[in-house]
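These are my notes from one sitting with the model. I went through aromatic pairs, the core, backbone angles and cysteines.

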Amino acid sequence: MHTFVAVVPEFSPPSRHTMTRYLATYFSGFHRHLPFFHIPTFSPIQCLVELLLVMAAIGAQSAFDNDNAVMFFRTSHAIVMGRLRRRKDELRRKTIAGAHCEPRTLDVRCLEHCSSIRDSVSNADQFDPLPAAQTLLLLMAIATWGNSNAIYNEAFGLQNTLTKFVREEKLLERQTEIPNDITWHEWIDIEGFQRTIAIIYCFFVFHTIVYDILPPILNSELNIHLPSREKDWDAPSEKDWCRAREEPKVEQPFQSSLSSLFTKRSNEGTESPKGFSSLGGYTLILAMIQHIYFLRETRKYKPRSEQNISPTDVAEVEQALKNWQSAWYSDPESSLNPGSPQGPIPFNSTALLRMAYPRAVLYSAHALSIPVKIGVNIVARNQAFTWSLQHALCALECAFVLSKWLVAIHRRPPSVLLDEDESRLLAYIVDMVVEADPGFRLTNNIGATPHLPNLCARVIKIWAKLLSGEAVWDVVRMIGKALNAYSQILERQAAID
């Protein structure tokens, strides 16, 4: 760290105990949602200082030590930007050396100059871009979701820096196919690279979801193979890894895997889509969300009557999502339990699936049923440690979809009756609301149709309560407050209706 003393802001080094606690918190929490570190071989001593500091920043944030989180963030950010500037200087000197040092005009001074250039180039060639990319990714994550307005303002700048770095270092062009005779440590390097690039891509799609901005990396640019199963990645030794690798491999190329989702299958019962790992499926469902985003964007330039996604495109998307679901169910690591030993990624993927289905009321109702069955109070008190940010975003989307459907049903003319599916769905929603709050009654008459404005307000209130507990990231509390305010508006409207 002494190399970058000039660029480091005021920094008070923590005790070894505090640093260890923050790193342990990072690995037990945040890492499980973005697993690109190989824990069995991870060494803090060999880790770049800026990467270690941003991990500690996230650990401090997760421990609600906000001041330390900001200090670690600032220091890590300053160091990695200093390292990137030095990297650019080295590459610039390399370019200059190649352009101006002609053999016929060399003198002693030029030879000395070229000697220093060669030393710099040698150091530049040893530069490993992966830890720098990981540092920028984690800095972008804490800036996006963090609790400091000053840090939050860094999110887009970091996105631009990371995008430019990935392209300048040609990280999207690397081949990642894994040969059969590879050693454990060689595999760790390739798999760690694949996971890092996949997660960077995924986080960029989150920015698209949250901020409605163009994704910096397009589906067509991602050329990695999908990541391996967590069982392979978590193997504590080479022997365990070899045993895990005896099972059928799932590392298909991203491009062919995404393309296969759109394949229409003549017989669903006999032909199944290509399998994928938990993180592979997570990457693919976000690729589907990016695909849907561009479908919607391109329709905006059509006349107003044609701005909805075409029936053909909707059918293709639904086919792809069904194929994704089939592959998700075939993954032995898939689970709806956020505390699964294999990690929360399969659970997180289901939240993204619900976001991918355009205005799917049934999926929104199912999303609410999960925490209701667990217990609203239990989830509200523990979601900070078990729910991902994807689920908070999904909650906002699902709450909005359910409310709009209930309002649309309420505003129908009396002559338009509910069909069988609508009646079943409405009864399902009523049962969930009553289960969430047994003392609440939607109507005094058994079997009568519930007062839909009251039901709508109550549904939103349940979602708001689920997100009202203690949360590590401000964005979760913000969504809870927004839903609570929305429920109050609906309650006032219900009183009028």
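Are F206 and Y282 buried or exposed? I looked this up before anything else, bearing in mind that the model is predicted. F206 is buried, and Y282 is buried as well.

**Aromatic rings**

I searched the whole structure for aromatic pairs and got 19. I noted F36 and F37, whose ring centres are 4.7 Å apart; their planes stand at 50 degrees, so I entered the pair as tilted. F36 has a relative accessible area of 2% and is therefore buried. F37, at 6%, is buried too.

I then went back to F206 and Y282. Their ring centres are 6.4 Å apart and the planes make an angle of 65 degrees, so this pair is edge-to-face. I checked where the two residues sit: F206 belongs to helix α9, and Y282 belongs to helix α13, residues 278-299. The pair links distant parts of the chain, with the two positions 76 residues apart in numbering.

I also wrote down one aromatic cluster, formed by Y26, F27, F30, F36, F37 and F42. F36 and F37 of the tilted pair thus appear in this cluster.

**Nonpolar core**

I looked up the largest nonpolar core and found 136 residues in it. The residues with the most contacts inside this core are F72, L138, I429 and W463. I took F72 and listed its contacts, leaving aside neighbours within four places in sequence. F72 touches F11, P14, M19, Y22, L53, A56, A57 and A60. Another core lies apart from the largest one and has 8 residues, including I182, W187, I188 and A235.

**Backbone angles**

Which residues other than glycine did I note with a positive phi? Most residues other than glycine have a negative phi. K170 has a phi near 55 degrees, and phi of D212 is also near 55 degrees. K170 lies in the loop between α8 (155-168) and α9 (184-211). D212 lies in the loop between α9 and α10 (230-233). I looked up accessibility for both: K170 is at 48% and so counts as partly exposed, and D212, at 48%, is likewise partly exposed.

**Cysteines**

How many disulfides are there? I counted 0. I looked up accessibility for two cysteines. C242 is at 38% relative accessibility and so counts as partly exposed, whereas C456 is at 2% and counts as buried.

Key:
Residues numbered from 1 in each chain as written. Predicted model: local features only at pLDDT ≥ 70, side-chain atom pairs only at ≥ 80, totals over all residues. Heavy atoms only, no water. Core = buried A, V, L, I, M, F, W, Y, C linked by side-chain atoms within 4.5 Å. Buried < 20%, exposed > 50% of the residue type's maximum accessible area, 1.4 Å probe, protein only. Contact = heavy atoms within 4.5 Å. Helix = DSSP H or I, 4+ residues; strand = E, 2+ residues; numbered from the N terminus. Disulfide = S-S within 2.5 Å. Phe/Tyr/Trp six-rings, centres within 6.5 Å; stacked < 30°, edge-to-face > 60°.
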